[in-house]
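Work through the exercises below with the sequence and the structure side by side. Try each task on your own before you read its solution.

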Amino acid sequence: MSRRETGSAQWRRSSKCEAGTCAEVKFEAGEVLLRNSTQPEIVVRLTDEEWRVFRAGVAAGDFDERSARAE
């Protein structure tokens, strides 16, 4: 996914998205918005801090299905 740009208000999706069912992200007015490309009317709003913590958890594998099974 391309980096956040100042003043950008376009939905972005990962370059790894191939199936058409993709998570999309948008940076807008101090918030980070997330949605599923197949249900764009449902939007999750995060603060910059929540986004940072979420991304750190993804990078650490906290949301991997395999790690959830091990618990």
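A polar contact is a pair of N or O atoms within 3.5 Å, and within protein one of them must be able to donate a hydrogen and the other to accept it. Keep in mind throughout that this is a predicted model.

**Exercise 1. Find the side chain with which the side chain of Arg35 makes a polar contact, and describe the surroundings of Arg35.**

Step 1. Begin by locating the residue: Arg35 belongs to strand S3, which covers residues 31-36.

Step 2. Follow the side chain of Arg35 to the side chain of Glu24, where the two come to 2.5 Å in a polar contact; the cut-off for such a contact is 3.5 Å.

Step 3. Widen the view to contacts of every kind, leaving aside neighbours within four places in sequence, and Arg35 is found to touch Trp11, Cys22, Ala23, Glu24, Pro40, Ile42 and Val43.

**Exercise 2. Work out in which order the strands form the sheet, and which of them are edge strands.**

Step 1. Start from the whole chain, which has 2 helices and 4 strands and follows the pattern β-β-β-β-α-α when read along the sequence.

Step 2. Place the strands beside one another: the 4 strands form an open sheet in the order S1-S2-S3-S4, with antiparallel pairing. The edges are strand S1 (12-13) and strand S4 (39-47), each of which pairs on one side only.

Step 3. Recall the general principle that strands of a sheet pair through backbone hydrogen bonds, either parallel or antiparallel.

Step 4. Look at the individual pairs, where S1 is joined to strand S2 (residues 23-28) by 2 bridges, while 6 bridges join S2 to S3. Val25 is a useful landmark in S2, since Arg12 stands opposite Val25 and the bridge partner of Val25 in S3 is Leu34.

Step 5. Finish at the hairpin of S2 and S3, which has 2 residues between the strands and in which Ala29 takes a positive phi near 45 degrees.

**Exercise 3. Describe how helix H1 is placed against the sheet, and compare its span with the expected one.**

Step 1. Helix H1, made of residues 48-60, lies across S2, S3 and S4, and runs at about 100 degrees to S4.

Step 2. The 13 residues of H1 reach 18 Å from the first C-alpha to the last, which is close to the 18 Å expected at 1.5 Å a residue.

Step 3. After H1 comes Gly61, whose phi is positive, near 85 degrees.

**Exercise 4. Decide whether Leu46 is buried or exposed, and name the residues of the largest nonpolar core.**

Step 1. Leu46 lies in strand S4, and its relative accessible area is 15%. Because the cut-off for a buried residue is under 20%, Leu46 counts as buried.

Step 2. Leaving aside neighbours within four places in sequence, Leu46 is in contact with Glu31, Val32, Leu34 and Trp51. Of these, Glu31 is 15 residues from Leu46 in sequence, yet the two are 5.7 Å apart in space, C-alpha to C-alpha.

Step 3. The largest nonpolar core has 6 residues, namely Val25, Phe27, Val32, Leu34, Leu46 and Trp51, and S2 and S3 each supply at least two of them.

Step 4. Check the core from a second member: among the contacts of Leu34 are Val25, Leu46 and Trp51.

Step 5. Set this against the whole chain, in which buried residues make up 23% of the 71 residues.

Terms used:
Residues numbered from 1 in each chain as written. Predicted model: local features only at pLDDT ≥ 70, side-chain atom pairs only at ≥ 80, totals over all residues. Heavy atoms only, no water. Contact = heavy atoms within 4.5 Å. Pairing = 2+ DSSP bridges. Axes fitted to C-alpha atoms, helices over the stretch in contact; angles between N-to-C directions. Expected span 1.5 Å × (residues − 1). Core = buried A, V, L, I, M, F, W, Y, C linked by side-chain atoms within 4.5 Å. Buried < 20%, exposed > 50% of the residue type's maximum accessible area, 1.4 Å probe, protein only.
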